[in-house]
Amino acid sequence: MVDIRLNEEQLMVQGSVRELARGRIAPRAAEIDETEEFPWDVVQLFRQQDLFALPFPPEYGGLSGSALTLNVAIEEIAKVCATSALILAVQALGSYPIMLAGTDAQRERWLPDLASGRKLAAYALTEPGAGSDPGGMVTRAIRRGDDYVLRGSKIWITDGGVADTITVFASTEPGTRSRGISAFVVDVKSSPGLTATTIHGKLGIRGSNTAELHFDDVVVPAANRLGEEGEGFRIAMRVLDRSRPGVAAQALGIAQGALDYAVGYARERQQFGKAIAEFQGLQFMLADMEAQTAAARALVYHASALIDQKSPDVGHAAAICKLFAGDTAMRVTTDAVQILGGYGYVREYPVERMMRDAKITQIYEGTNQIQRVVIARDLLTG
Amino acid sequence: MARGGVRHAGELIAEAGRRGLAGLLTPAALGGQDAGHVTFARAVEAVARECASSAVIYDVHVSVASEPFALFGGEELKRRYLPRLASGEWLGAFALSEPGSGSDAASLVTRAVREGDEYVLDGTKMWITNGGEADLYVVMARTGGPGARGISAFLVESSWPGVRPSRPLRKLGLRGSSTAELVLEGVRVPADNRLGEEGAGFRVAMSALDSGRIGISAQATGIAQGALDASLAHLRARGVEISEEASLDEALAAAAPAVSVPLAQMAAQVAAARAVTVHAAELCDRGVPFTREAAIAKLVSTDACVAVAHAAVEICAPASHGDAHPAAIRLRDAKACQIYEGTNQIQRLVIARELLRA
């Protein structure tokens, strides 16, 4: 059935991405998970289908730049492969700093290649000692003439080992916490001293590239700074307000994929002489999964629509949908494993992968504990 | 805040009528506002945020007691009753449940026997919101054989002989709204007062409940919002305040996790309740099927409102242990939402049926 919350563009993207995901990505999902190899074929597919254009405005080679359109696409891909969905979400995450805080010249310089997918983007905020508390970061950016010199480490950087264009946050004024942070766009190829170490052995999103970045006196032109010195933290937070509904859309897709699979299984699986779908205990589980997933979707679409309307309430709605959708994905995938029983527990069936993939949505782009702090702060303000 | 025992439903609806709010779902030609279900949901939520008892009085009047007319009533019937309901002159009610027939509504045993131009109704209806105060009841009774197809719907005026509501039942919550048993003893109903065809009563009831669930979801959202309001007011009174410029560090320091974690969960649940409710209402207004979304809205919002009200009682403890504390009232009021207009167990069956049908 047509979702009335979506416009023509969004419905068209939803339909074509759904078909693409089912036909081209779903058959690869188990293998991507198993091998832990970054799926360049999926990147190539996204390029061919112009999916990287989704987060970008038309003047830089994008489509409409609608957050809702993007998140509908992320949801559809995540239904079959969370790792592949993350590639699209992170292209947006890594490009938002330039889109939101870049000058016209900076946008001209970087965005077209990112919108075409010729280059991949990443967003480097977290450090080994600064996760939920990014204000405690210690990576330095030291001014030297027309350049800055970056020194330090970033960790858990999605696509950090495959990206061409990375927005890096570093302190230009140590000791002042968040007020001394600035944002820089680093061109990987022209940045000797930057090394990326891919982190292996993750619980989920195993095909996704997650890296630790080391900056050993990496020289970055001052022209690559986004905004003024000291504006970095505010840029980082504005980006997260925009990107969190994307993570929520990924979580939503994971939940929906697991629910769809569980429904199909429950119809087929016979016990006590009838399909297990006919047992009320199982119907109650399915209904709760459906209701929670539908609620997550309502929140994701709502937050996305607020972004598209340039509403000032985006941060609050983004935190709420991220919290709700992440928790929902975890619960729904766990129940899907339960419905499949022993079959749910083994790798021949996709739901255990979905359960492993769901976990990260409660952790990255602000843990769900941090989302609660953000939400509570909004409630208690003023 | 409504108090138990006060018969104020008629007064409330009369006031709503004066303000042009008593016929939100009634066509304009019949004195209503024809405002649609999104507006209806916003209105019920706004009332429930302050007082859930008033909200359920209002919700029942505007939706299940008035709406079946617009869909199934003949022109004459609509003209006779709807303007009086839409103006708030009359108060409406909806009588489906019976002592022995709740979730299994199709098993109801109240009889309607045709005698010439009339039907004679005999039986007992139960859990009737606005019962004893209403001027007009939509009553489902059996005209045919067993099962859903043997049921017809009738409009019964409270002043007719044999219409005997009980005293209001004493309840856990919603104490400002009257809930009564309705005994029908040889009530003679003109055949013209049948709503729809003979045997269409169950369909009338189910369609009313689809839309009615939007109202209950909105009520639950309002109760949850009211409980969240009460929690914030309590915290502010105790000096917990964060400036608009607060960084996350400062926010973390100001709001103890014991408080901020449940607050955030509550806010997320209220937002989810509102989002699913508005979505179901939009579908309804567009005229597309929304049975599944209405059931989802009812399940999500009413489970949320109990959880949120419960958390509010904890945040506001020990003051919230007082019977009249706003959080305590919300918790007691919230519980009804998981039960009426289809228990949440029934909503789950509806959702599962829709899910497995595709």
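Start by selecting Gly116 in chain B: this residue takes a positive phi near 65°. Gly116(B) belongs to the hairpin of E2(B) and E3(B), where two residues sit between the strands. Bear in mind as you click around that this is a predicted model.

**The strands around the hairpin**

Now widen the selection to residues 111-115 and 118-129 of chain B. These are strands E2 and E3, paired in the antiparallel sense over five bridges. For one rung of that ladder, pick Arg111(B), whose bridge partner in E3(B) is Asp122(B).

Keep E3(B) on screen and add residues 179-190 of chain B, which make up strand E7. E3(B) and E7(B) run antiparallel, and nine bridges join them. Which residue of E7(B) stands opposite Tyr119(B)? Label Val189(B) and you have it. While the side chains are showing, remember that in a regular strand they alternate between the two faces of the sheet.

**All of chain B**

Zoom out until chain B fills the window. There are eleven helices and eight strands to colour. The radius of gyration is 21 Å, close to the 21 Å the globule rule gives for 358 residues, so chain B is as compact as a globular protein of that length. If you line up the view with the principal axes, the C-alpha trace spans about 80 × 50 × 40 Å.

**Across to chain A**

Next, bring up both chains and select the contact between them: 31 residues come from chain A and 37 residues from chain B. On the chain A side, helices H6 (232-268), H7 (280-308), H8 (314-340) and H10 (368-380) each supply at least two residues. Which helix gives the most to this side? That's H7(A), with twelve residues. Colour the chain A side by residue class and you get 19 nonpolar, seven polar and five charged.

**H6 against H7 in chain A**

Last stop: hide everything but H6(A) and H7(A). Their axes are 9 Å apart and the helices pack at an angle of about 155°. Angles over 145 count as roughly antiparallel, and that is therefore how H6(A) and H7(A) lie to each other. Turn the view to look through the pair, and you'll find H6(A) passing H7(A) in a left-handed crossing.

For the residues that meet here, show side chains on H6(A), including Arg242(A), Ala249(A), Leu252(A), Leu259(A) and Ala266(A). On H7(A), the residues to show include Leu282(A), Met289(A), Glu290(A), Val300(A) and Ile307(A). By class, this helix contact has 16 nonpolar, three polar and three charged residues.

Methods
Residues are numbered from 1 along each chain as its sequence is written. Chains are lettered from A and ligands numbered from 1 in the order in which they are written. This is a predicted model: local features need pLDDT of at least 70, side-chain atom pairs count only at pLDDT 80 or more; totals for chains, interfaces and linings use all residues. Two residues are in contact if their C-beta atoms, placed from the backbone, lie within 7 Å. Helices (H or I, at least four residues) and strands (E, at least two) are DSSP runs, numbered from the N terminus. Ala, Val, Leu, Ile, Met, Phe, Trp, Tyr, Cys and Pro count as nonpolar, Asp, Glu, Lys and Arg as charged, and the others, Gly among them, as polar. Two strands pair if DSSP finds at least two bridges between them. Axes are lines fitted to C-alpha atoms, for helices over the stretch in contact, and angles run from 0 to 180 degrees between N-to-C directions. Angles under 35 degrees count as roughly parallel, over 145 as roughly antiparallel, 65 to 115 as roughly perpendicular and the rest as oblique. A crossing is left-handed if the near helix is turned anticlockwise from the far one by less than a right angle, and right-handed if clockwise. The radius of gyration is taken over C-alpha atoms; the globule rule is 2.2 Å times the number of residues to the power 0.38.
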